[in-house]
Protein chains: 2
Amino acid sequence: MSRPAGTKGERTRARILEAASTLFARSGFNAVSLREIAAQAGMTHAGLLHHFPGKESLLLEVLSIRDREDAAWLFPGLLEPGDAAEPTAVSAAERFWSVVDLTERNSRTPGLVALYTKVVAEAAAPDHPAHAYFVRRYQVLRRELGTLLAAALREADPPVAAEPEAVAQQLLALMDGLQTQWVLEPDRVPMRRRVEEFLALYGLRPAHRATTGPVTG
Amino acid sequence: MSRPAGTKGERTRARILEAASTLFARSGFNAVSLREIAAQAGMTHAGLLHHFPGKESLLLEVLSIRDREDAAWLFPGLLEPGDAAEPTAVSAAERFWSVVDLTERNSRTPGLVALYTKVVAEAAAPDHPAHAYFVRRYQVLRRELGTLLAAALREADPPVAAEPEAVAQQLLALMDGLQTQWVLEPDRVPMRRRVEEFLALYGLRPAHRATTGPVTG
DNA sequence: GTCTATATCGCGATAGAC
DNA sequence: GTCTATCGCGATATAGAC
């Protein structure tokens, strides 16, 4: 909470991001104007646009911070090798199921889930500022999740012969698609259950896990 | 191609939709202005907005026309009972696999797929003009696809005991999620193959189908 | 009544002065 | 690094034309 270290520009950026994060989470994307965000950060909207090229990129930055926090926990050592938690403290199987837990976590922040879905959809355009980011994101997730899945499939009840990266791609698609439906109709879409049913088809079961609460609430 | 029948207002609406469809498919959503669409339809942008409440709803209408064409073929008799093709000309199993074929068809129109994904994402907001439409769309798809799946599961190699609507929900989510990834990286996402792998887990295989080309090219 | 146009608003984005 | 000024945009209200 204390003032972040760094240059004045970096502190201003952080101030803007905090204001944007609060307002987006509260009111969505379209309903919030750059002028509001700028006012909350103590500037005009043109001043804000000196730090971020546009409104869309502001949303992307807010979401990718959250994304990076998740990734740092799930795949320690992937990003900044600095101060990640002890790398091999948890088993591959445990970390795999914590990926599934993200589904549950997302259920608690429907506003941001909807925004994330929106940004992914718009990033389809090759010239979109977030395009390269999402391409890389899915590549990394497929590979890392595939590695965890390979281990889990070997340990499965009868070991299952399946291409881990293909299953990872299916799993990521299933989770994304369930989120789309869940955002529309939360009560009719038991995300976690559908994911577990899917994994059970490959012989993967949650086993006896404590309610670890693996990711920051 | 000849002038559509109906009142003047209906003809104007059709003219606007044709202009919008052309321009959206060519340049996407954001890059096209209401003023351009209106000009191509021979009016001012305010005149256009007399027929459609906003730009978003214009896109929704364009996409839902296409959606309705698909639905009319897959689930004859669901909508206007007027002149649908002979209802029981094809078996449930055949119609089920033609749903999967839609995935292939979509691969040929990446621009519209991206727009569709974008609209679904934005329709998450309960007050969005398309919200009710998509809620109903997924309800109908789950139910109808569930019915087809129930028949297919009974005929499966060893008959599979699974909740048809739950499998339908998984299948729809998988297809949506695969589209998201495919739009970003067409070469790395073999949609059709992933869907078939998934259905094989439930004992469902395409069997010996001719290359029917079930939906209008 | 049905349709279209003019006028005005706040918006996101850009250019240039300080 | 922040501002003022300006642009075209989507949207709304309201008045006018058929």
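Biologist: How many nonpolar, polar and charged residues form the surface near DNA strand C?
Modeller: This is a predicted model: local features need pLDDT of at least 70, side-chain atom pairs count only at pLDDT 80 or more, totals for chains, interfaces and linings use all residues, and side-chain values use heavy atoms, with hydrogens and water left out. A residue is near the strand if one of its heavy atoms lies within 4 Å of it. Ala, Val, Leu, Ile, Met, Phe, Trp, Tyr, Cys and Pro count as nonpolar, Asp, Glu, Lys and Arg as charged, and the others, Gly among them, as polar. The surface then has seven nonpolar, eight polar and two charged residues.

Biologist: Which residues are closest to DNA strand C?
Modeller: Residues are numbered from 1 along each chain as its sequence is written, while chains are lettered from A and ligands numbered from 1 in the order in which they are written. In all, 17 residues surround the strand. The closest are Leu34(A), His45(A), Lys55(A), His50(B) and His51(B).

Biologist: Which side chain has an N or O atom 2.9 Å from a base nitrogen of DNA strand C?
Modeller: Polar contacts are pairs of N or O atoms within 3.5 Å; within protein, one must be able to donate a hydrogen and the other to accept it, and residues adjacent in sequence count only if both atoms are side-chain atoms. Two phosphate oxygens enter the list: one is 2.8 Å from a polar backbone atom of Lys55(A), and one lies 2.5 Å from a polar side-chain atom of His51(B). The base nitrogen is paired with the side chain of Arg35(A).

Biologist: How are the two copies, chain A and chain B, related?
Modeller: Least-squares superposition on the C-alpha atoms of residues with pLDDT of at least 70 in both copies gives an RMSD of 0.3 Å. The rotation is 180 degrees, with 0.0 Å of shift along its axis. The copies are therefore related as by a two-fold rotation axis.

Biologist: What percentage of the contact residues of chain B recur in chain A?
Modeller: Contact means heavy atoms within 4.5 Å. By that rule, 36 residues of chain B touch 36 residues of chain A. The same surface serves both copies, with a recurrence of 100%.

Biologist: Which residue of chain B forms a salt bridge with Glu122(A)?
Modeller: A salt bridge is a side-chain nitrogen of Lys or Arg within 4 Å of a carboxyl oxygen of Asp or Glu. The rule finds four across the interface of chain B and chain A. For Glu122(A), the closest N and O atoms are 2.9 Å apart, and the partner is Lys118(B).
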